[in-house]
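Please walk through this protein chain from its surface details to its overall fold. The account below takes the parts in turn.

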Amino acid sequence: MNSDLVNILEFNEEGYKPLVDFGSWRVAFLRYIDELIPENIHRLERHVETDEVFVLLAGEAVLFFGEGEEEIETFTSLEMEPGKLYNVRKNAWHCCVLSRDATILLVENRDTGKENTDYIPLEPAHREHLIKISGMTIKDWEK
């Protein structure tokens with residue numbers, strides 16, 4: 001197929017991979033990576049300039065959210081459903097746990113990165129909740 005008409009891209013490795021950057025936006029895949037094992041998650045992040053869109057294409061995933069400004073006051077989880085679009089709003093504290101076979105399509109601003117992302121450590125009680133909920137909802141992350 002003529003590449004002037006269409007680019008066909010794929011990513012079958014572990015981790016995060018931007019696939020298309022155009023204008024002010026980026027499309028990427030997020031796949032399982034050891035950093036996303038529940039025991040390895042020690043913080044939440046928030047993007048201060050943009051929303052971020054998540055779409056679960058395969059496998060299982062759980063989004064976790066923290067409410068509060070300087071500290072997490074409320075910590076909740078949301079089991080993702082395949083094919084649904086989850087628009088994580090600007091300034092929303094969040095993280096994600098994926099099964100080993102999971103693929104998430106991400107859409108975000110092209111310049112989203114460490115320079116416009118804040119991080120906050122998880123309190124021990126929140127980490128325990130994350131580990132417990134992940135174990136109950138994601139069956140194969142530990143395989």
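A residue counts as buried under 20% relative accessible area, as exposed over 50%, and as partly exposed in between. The model discussed here is predicted. Val20 has a relative accessible area of 31%, so Val20 is partly exposed. This residue belongs to strand 1, which covers residues 15-22. Val20 also contributes to a nonpolar surface patch, together with Leu9, Phe22 and Trp25. The area of that patch is about 380 Å².

The next topic is strand pairing. Strand 2, residues 25-31, pairs with strand 9, residues 103-109. The two are antiparallel, and seven bridges link them. Within this part of the fold, Phe29 has Leu105 of strand 9 as its bridge partner. Strand 9 is also joined to strand 4, residues 52-58, again in the antiparallel sense. Here the number of bridges is five. Ala58 has its bridge partner in strand 9 as well, namely Thr103. Strand 9 is thus bridged to strand 2 and to strand 4.

After strand 4 comes a loop that leads to strand 5 (61-67), and Gly59 lies in this loop. Is Gly59 buried, exposed or partly exposed? Its relative accessible area is 26%, which falls between the 20% and 50% limits, and therefore Gly59 is partly exposed. Which residues does Gly59 touch, leaving aside neighbours within four places in sequence? The contacts are with Ser99, Asp101 and Ala102. His129 is 70 residues from Gly59 along the chain, and the C-alpha atoms of the two are separated by 21 Å.

The view can now be widened to the whole chain. The protein chain contains 10 strands and one helix. Read from the N terminus, the strands come one after another and the helix follows them, in the order β-β-β-β-β-β-β-β-β-β-α. Of the contacts with a separation of 6 or more, 75% are between residues 24 or more positions apart.

Overall dimensions complete the description. For 143 residues, a compact globule would have a radius of gyration near 15 Å; the protein chain has 15 Å, so the value agrees with that expectation. Along the principal axes, the C-alpha atoms fill a box of roughly 55 × 35 × 25 Å. Buried residues make up 42% of the 143 in the protein chain. The chain exposes about 8400 Å², of which carbon and sulfur atoms supply 50%.

How values were computed
Residues numbered from 1 in each chain as written. Predicted model: local features only at pLDDT ≥ 70, side-chain atom pairs only at ≥ 80, totals over all residues. Heavy atoms only, no water. Patch = residues over 30% accessible without salt bridge, like charges linked within 9 Å, V, L, I, M, F, W, Y side chains within 5 Å. Areas by Shrake-Rupley, 256 points an atom, 1.4 Å probe, with all protein chains shown as cover. Salt bridge = Lys/Arg side-chain N within 4 Å of Asp/Glu carboxyl O. Helix = DSSP H or I, 4+ residues; strand = E, 2+ residues; numbered from the N terminus. Buried < 20%, exposed > 50% of the residue type's maximum accessible area, 1.4 Å probe, protein only. Pairing = 2+ DSSP bridges. Contact = heavy atoms within 4.5 Å. Rg over C-alpha atoms; globule rule 2.2 N^0.38 Å.
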